[in-house]
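Colleague: I am new to this structure and would be glad of a careful look at a single part of it. Could you choose one residue, place it in its surroundings, and then follow the chain onward from there?

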Amino acid sequence: MDATATERKVWPADSDSRGIECRKCGCRHFRVLYTRNAWGGRIMRRRECRNCGKRMTTWEKPG
Ligand SMILES: [Zn+2]
């Protein structure tokens, strides 16, 4: 597994895009590449930092 290529984190449902910060450059602006429903009713979003291009996968819990 390449830990740098895919990073997963479960974010609280109420901090969707507000609380996400790029761990590489600290930028808070992300482009959403795609969104899909995942296991457990979660929502998976693939995001790309608009500043440095680092990609992250975020998982949002329902409720
Ligand atoms: Zn960045």
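Modeller: Let us take Glu-21, which sits in the loop between strand E1 (8–11) and strand E2 (30–37), bearing in mind throughout that this is a predicted model. Glu-21 counts as partly exposed because 13 other C-beta atoms lie within 10 Å, whereas a residue is called exposed at 12 or fewer and buried at 20 or more. Leaving aside residues up to four places away in sequence, Glu-21 touches Gly-26 and Arg-28. A further relation spans more of the chain: Cys-49 is 28 residues from Glu-21 in sequence, yet their C-alpha atoms are 8.9 Å apart in space.

From the loop we can pass to the strands that follow, beginning with E2, which is joined by seven bridges to strand E3 (residues 43–49), the two running antiparallel. Within this pairing, Arg-36 stands opposite Met-44 of E3. The hairpin of E2 and E3 has five residues between its strands, and in this hairpin Gly-40 adopts a positive phi near 70°.

Strand E3 also pairs with strand E4 (residues 55–60), again in an antiparallel arrangement, through six bridges. Here Ile-43 has Glu-60 in E4 as its bridge partner. The hairpin of E3 and E4 likewise has five residues between the strands, and the residue with a positive phi near 85° in this hairpin is Gly-53. As background for looking at such strands, side chains in a regular strand alternate between the two faces of the sheet.

Key: Residues numbered from 1 in each chain as written. Predicted model: local features only at pLDDT ≥ 70, side-chain atom pairs only at ≥ 80, totals over all residues. Helix = DSSP H or I, 4+ residues; strand = E, 2+ residues; numbered from the N terminus. Contact = placed C-beta atoms within 7 Å. Pairing = 2+ DSSP bridges.
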